[in-house]
Amino acid sequence: MSSDIDTKTILKDLTLEEKIGQLQQLASPFYSAKARGEITGPLSELGITQEAIWQSGSVLGVNSAEEASEIQRKYIEKSRHKIPLLFMADIIHGYRTIFPIPLAIGSSWNPENAKCCGEVSGKEAALSGIHVTFAPMVDLVRDPRWGRVMESTGEDPYLNSIFAEAFVEGFQGDMTDPYNIIACVKHFAAYGAGEAGREYNTVDMSDRHLREYYLPAYKAAIEAGVKMVMTSFNTVHGVPASGSSYLMRDILREEWGFDGVVISDWGAIGEMIPHGVAANSEEVAQKAIEAGVDIEMMTSHYVLSLKQLVEEGKVSESLIDEAVLRVLNLKKELGLFENPYRAIDQSKAERAYVCNEHRKAVREVASESMVLLKNEQVLPLNKEQKIAIIGPLGDRNDILGPWSWKGRKEETVTLKEGIAHKVGETRVTFAKGCGIIGDDQLGFEEAKQVALAADVVILALGEASNMSGEGGSRAFITLPGIQEDLAKEILALGKPTVVVLFNGRPLEITRLSQIAPAILEAWFPGTEGGNAIADVLYGDVNPVGRLPISFPYTVGQIPVYYNCYNTGRPKLSETEYMRYVSHFLDSPNKPLYPFGYGLGYTTFEYTDFQLSATSMKRIETLVATVKVKNTGSVAGTETVQFYIRDLVGSTVRPLKELKGYKQVTLIPEEEVEVTLEITEEMLKFHNMKCEFVAEAGRFEAMVGTNSESLEVIEFELV
Ligand code: BGC
């Protein structure tokens with residue numbers, strides 16, 4: 001949206017306090033009747049005045065279109081320059097109509113699904129008065145103990161980059177549509193690498209590793225035009241990210257040319273005090289503004305300290321001016337100076353929430369996001385069979401995931417409801433068996449009787465929503481409570497049984513995988529979860545999902561990820577024991593299910609893998625081709641995955657790296673040729689000087705159905 005407003009002129013006319021106000025973000029309760037009346041609670045904790053509240057530039061987490069309108073109206077009335085407020089919120093995988101969690105969306109390997117999530121949730125949010133969403137989170141994650149793995153798209157820089165771009169496109173579009181909202185890529189940087197998967201924990205890694213694995217997805221979001229970046233809570237190279245000018249000035253602004261707004265994470269500026277790099281409010285404010293944080297979220301060190309720091313000559317006012325200008329420009333870009341209410345419309349919003357069109361969209365995305373992990377002739381189910389649904393997740397509507405702030409459980413389709421919609425209620429029976437947590441086995445007997453009376457059993461197991469997400473790290477990532485005991489007893493009955501898992505992370509399910517004949521990973525599937533699962537179980541949708549993250553064999557292997565280095569003593573054999581190799585005495589090195597893994601209801605055969613030449617010059621490309629045929633009896637989609645390994649580098653190189661993939665949908669007997677153009681760019685990496693270069697030498701090109709089952713051909717870069 002273009003606008004004639006001259007933000008530089010506005011800036012010139014602002015007092016220092018007014019400028020600093022633009023850099024403060026407060027939650028909506030600060031503007032509620034209560035907060036306006038008495039200075040208590042959060043208000044008094046922040047230690048700021050009523051005047052400062054009405055000078056703050058943005059609001060976090062407004063509850064409805066009506067509330068946003070009311071706050072905006074009052075605010076503008078009070079604002080000397082009629083500068084509108086920005087409203088921001090966490091619209092992560094849906095506003096009211098909830099998509100599956102991002103880890104699930106990533107499992108579809110289809111970026112159109114991320115785009116669709118951005119568009120649908122962006123529209124519902126825009127109608128509700130939101131201008132900016134704190135999404136996408138593109139943090140690379142190798143540790144499923146970390147609760148926020150659910151909010152990521154997994155362990156691979158290439159896949160994460162594709163999804164980062166697609167989410168940004170979905171939310172922001174070209175910003176000409178009033179239903180487009182600003183995206184904010186987070187958490188910059190490497191928040192997903194916290195030690196032991198423990199929330200908010202230390203991150204320390206080489207610069208080379210940071211650039212090779214962790215930075216690409218943020219960079220992809222910047223290249224896709226994201227207009228905001230959020231800092232992370234963790235340290236990087238010994239400095240909390242919110243005070244790191246290396247991250248925000250050197251990399252983000254100078255190297256990548258980002259000219260949008262940087263916001264701190266919630267309270268992260270103040271957290272530099274417990275981190276131990278600053279002693280007080282003045283020091284954290286100075287560090288953050290110098291590092292390049294424009295907006296402070298939910299602490300008030302800028303408001304409390306920046307004015308004095310400028311007056312004492314410790315902080316240059318020009319730093320504040322730069323930050324304020326960026327905030328004003330964002331408001332201008334949203335067209336807020338002309339129309340501070342933008343797309344806000346409570347009644348249109350009510351019509352959009354969970355409307356048929358949005359339900360259809362989330363159902364399709366959810367069904368494409370599920371990963372079939374095992375299937376010994378149980379699936380697809382037959383609509384004539386009598387079904388017993390057993391387990392604590394079987395009729396539970398809390399399957400939206402931990403980031404579904406506005407989603408409503410009562411609008412959510414449970415698994416039992418979804419199956420009943422598909423085959424009719426009379427064919428479906430249900431017994432909970434046990435709780436998600438706890439050790440009460442009283443329900444086991446009833447569950448067994450219900451299972452025995454049916455033709456097929458669906459065992460619905462998993463985590464509660466709040467067992468992942470922020471603050472949701474787990475040290476043990478097995479099924480909670482006595483669910484595995486329930487599973488053992490039910491599976492011992494010998495009925496055809498499929499386990500459906502609801503969870504926000506890869507779980508340790510090694511024992512279960514040995515005894516269950518079929519397992520479907522449904523993640524937290526969102527508002528239409530039950531219907532989408534039924535679509536997959538009955539074969540109306542042939543499962544297409546592939547794991548974007550490894551499922552560990554045991555928690556003790558973590559981190560276990562596919563694109564690791566070889567070591568000097570790699571374990572070469574799974575069968576022959578050798579002590580002095582890089583291995584465990586009591587666990588395989590390999591995960592239970594590798595990156596890229598997933599089954600469907602048909603089979604594909606790969607033949608004739610070829611390269612167009614055995615060597616390439618830098619200016620040339622090589623073409624890899626492979627024939628892929630549907631050798632089964634139903635149509636299906638295969639995700640043809642191409643990996644590359646640099647065999648000898650000046651630094652160690654990963655065993656394989658995903659460099660491209662194609663999804664092909666084939667009917668039985670149909671065969672297609674799938675190609676990948678190998679370019680010099682794909683062979684580049686960060687050398688010891690952190691230069692991004694391709695080194696001449698031998699490489700391997702690989703193709704296959706997942707990161708473990710690959711055919712290999714060597715080639716050379718000359
Ligand atoms: C989270 C962010 C989120 C912010 C605002 C923080 O605690 O880390 O991801 O955007 O809160 O809700």
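How many Å separate the centres of domain 2 and domain 3, taken over C-alpha atoms? In this predicted model, the separation is 34 Å. The domain assignment itself splits the protein into domain 1 (7-347), domain 2 (355-555) and domain 3 (604-717).

Let's start with a pair of helices, α19 (residues 444-452) and α20 (residues 483-491). Their axes sit 10 Å apart and meet at an angle of about 35°, and the crossing of α19 past α20 is right-handed. On the α19 side, the contact is built from Phe 444, Ala 447, Lys 448 and Ala 451; α20 brings in Asp 485, Leu 486, Glu 489 and Ile 490. Sort those contact residues by character and you get 5 nonpolar, 3 charged and no polar.

Now look at α19 by itself. Its buried residues are Phe 444, Ala 447, Lys 448, Val 450 and Ala 451. These residues lie on the same side of α19 because they cover an arc of only 165° around the axis. The general geometry helps here: an α-helix has 3.6 residues a turn, so residues three or four places apart point the same way. And what covers the buried residues of α19? The cover includes α20, along with the strands β12 (387-390), β13 (428-431) and β14 (456-462).

One last stop is His 301, which belongs to helix α14 (residues 301-311). Is His 301 buried or exposed? His 301 counts as buried because its relative accessible area is 13%, below the 20% cut-off. Leaving aside residues up to four places away in sequence, His 301 touches Ile 269, Gly 270, Ser 281, Val 284, Ala 285, Glu 296 and Leu 306.

Key:
Residues are numbered from 1 along each chain as its sequence is written. This is a predicted model: local features need pLDDT of at least 70, side-chain atom pairs count only at pLDDT 80 or more; totals for chains, interfaces and linings use all residues. Side-chain values use heavy atoms; hydrogens and water are left out. Axes are lines fitted to C-alpha atoms, for helices over the stretch in contact, and angles run from 0 to 180 degrees between N-to-C directions. Helices (H or I, at least four residues) and strands (E, at least two) are DSSP runs, numbered from the N terminus. A crossing is left-handed if the near helix is turned anticlockwise from the far one by less than a right angle, and right-handed if clockwise. Contact means heavy atoms within 4.5 Å. Ala, Val, Leu, Ile, Met, Phe, Trp, Tyr, Cys and Pro count as nonpolar, Asp, Glu, Lys and Arg as charged, and the others, Gly among them, as polar. Domain bounds come from an automatic or database domain assignment. Buried means under 20% relative accessible area, exposed over 50%, partly exposed in between (1.4 Å probe, protein chains only). The arc is that of the directions from the helix axis to the C-beta atoms.
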